[in-house]
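Biologist: Let's go through this fold step by step. I will ask how each label is earned, and you set the value against the rule.

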Amino acid sequence: MVGQRFIQLLHNHPWFNITWLAASDRSAGKTFGEACKWKLDTPLPKHIAQMVVQPNVPEGAAGELPKIIFAALDSDIAKELETKFAAAGCAVISNSSAFRMVADVPLVIPEVNADHLDLIDQQSWRHASGGYIVTNPNCSAIGLVLALKPLEEKFGIESLFVTTMQAVSGAGYPGVPSLDILGNVVPFIKSEEEKLQEEVGKLLGRFTGSSVAHLDAKVSAHCNRVAVEDGHTECVSIKFKKAATREAILAAWAEFAPLSHNTIRGAAGAAVLNAELLARLGKLNPVKIQKPALQTVVTA
């Protein structure tokens, strides 16, 4: 579903063109129209439907590799493949959780911590090939942190507790079996609570010039799947470091203009926005590659 949303958002994009589609061996060799069950409310573009899906490795690209790889992969697969594309010189804009908490990989929400993108200069791939990995957060973390950012700046956050009620669209397709979710609440989403608790600290952390000092706040999360098609809801209790009145909190939010949606902004849309920011900052331009010095051995 994230891959489909990428196609929807990138179709007729003013800056980016879809030139290559890649997937597992199950889909490689088929046209995209044959390989996917299109589920979005806008039609699948005809020229995209006719594109042949290629093997999901850098060597699978016919001709020149794309400059940007928008990756919508399961975490285990991402650990292997995203590094290969970064090593091949691509800017990998990842929706996966595989590298979100790696120290030199930016975890970015543009309105919140755009300066963290300078972490890419710490990545070995950047110096060897020009490639790098940038990640966007978990769909629940994005909505939460967009609400927290102006409050953390004005009042400081000592601790917070969040309970999420997450829509079924966040589970992808086919997602949660209907008999498990209709008229029900599922009080468990694998790894979701850990992701939320870890990512908030990095997102609201301070970039030191070479690393990110995580926010020193205790975060607890309970994550639930509910019978709602779109739109995650979160109930949050916060302990501030400074006293905050209702009026002061509303004023802080009024001065901040974020946007949130669990699949449009919380997944593919977040990655596209990060790519747009990278383009604005000139970080999609070629870099001077640092070549290793030649070693000369003299024997006598």
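Modeller: This is a predicted model. Start with the open sheet of four strands, in the order β7-β10-β6-β11, with mixed pairing. Its edge strands are β7 and β11 (233-240), since each pairs on one side only. Helix α7 (residues 139-155) packs on this sheet and touches β6 and β11.

Biologist: How do you know that β6 and β10 pair?

Modeller: Count the bridges. Pairing needs at least two bridges between the strands. Strand β6 (residues 157-166) and strand β10 (residues 218-226) are joined by eight, and they run parallel. Val 162 has Ala 221 in β10 as its bridge partner. Leu 160 stands opposite Val 219 in β10.

Biologist: What makes the sheet's pairing mixed?

Modeller: Strands of a sheet can pair either parallel or antiparallel. Here β6 and β10 run parallel. Strand β7 (residues 185-186) and β10 pair in the antiparallel sense. They do so over two bridges, and at least two are required. Val 186 has Arg 225 in β10 as its bridge partner.

Biologist: What is the angle between α7 and β6?

Modeller: The direction of α7 makes about 155° with that of β6. Over 145 degrees counts as roughly antiparallel, so α7 and β6 are roughly antiparallel.

Biologist: Now the helices. Why is α7 called oblique to α9?

Modeller: Two packed helices are described by the angle between their axes and the distance between the axes. For α7 and helix α9 (residues 192-203), the angle is about 40° and the axes are 9 Å apart. Roughly parallel needs under 35 degrees, and roughly perpendicular starts at 65. The angle fits neither, so α7 is oblique to α9. Their crossing is right-handed.

Biologist: Which residues of α7 and α9 meet?

Modeller: From α7, they include Cys 139, Leu 144 and Leu 148. From α9, they include Glu 192, Leu 196 and Leu 203.

Biologist: Why are α7 and α10 called oblique to each other?

Modeller: α7 and helix α10 (residues 246-254) pack at about 120°, with their axes 9 Å apart. The roughly perpendicular range ends at 115, and roughly antiparallel needs over 145. The angle lies between those limits, so α7 and α10 are oblique to each other. α7 passes α10 in a right-handed crossing. Among the residues that meet are Ala 147 and Phe 155 in α7, and Ile 249 and Trp 253 in α10.

Biologist: How do you know that Cys 139 and Cys 223 are not bonded?

Modeller: A disulfide needs the two sulfurs within 2.5 Å. The closest cysteine sulfur to that of Cys 139 is in Cys 223, 9.0 Å away, so it is too far for a bond. Cys 223 is in no disulfide either. The structure holds zero disulfides.

Biologist: Are these cysteines buried or exposed?

Modeller: Buried means under 20% relative accessible area. Cys 139 has 17%, so it is buried. Cys 223 has 1%, so it is buried too.

Biologist: One more. Why is Ala 91 called buried?

Modeller: Its relative accessible area is 5%, and the limit is under 20%, so Ala 91 counts as buried. Ala 91 is found in strand β4 (residues 91-94). Leaving aside neighbours within four places in sequence, Ala 91 is in contact with Lys 67, Ile 68, Ile 69, Tyr 132 and Leu 284. Ala 91 and Lys 67 are 24 residues apart along the chain, yet their C-alpha atoms are separated by 6.3 Å.

Terms used
Residues numbered from 1 in each chain as written. Predicted model: local features only at pLDDT ≥ 70, side-chain atom pairs only at ≥ 80, totals over all residues. Heavy atoms only, no water. Buried < 20%, exposed > 50% of the residue type's maximum accessible area, 1.4 Å probe, protein only. Contact = heavy atoms within 4.5 Å. Axes fitted to C-alpha atoms, helices over the stretch in contact; angles between N-to-C directions. Left-handed = near helix turned anticlockwise from the far one by under 90°.
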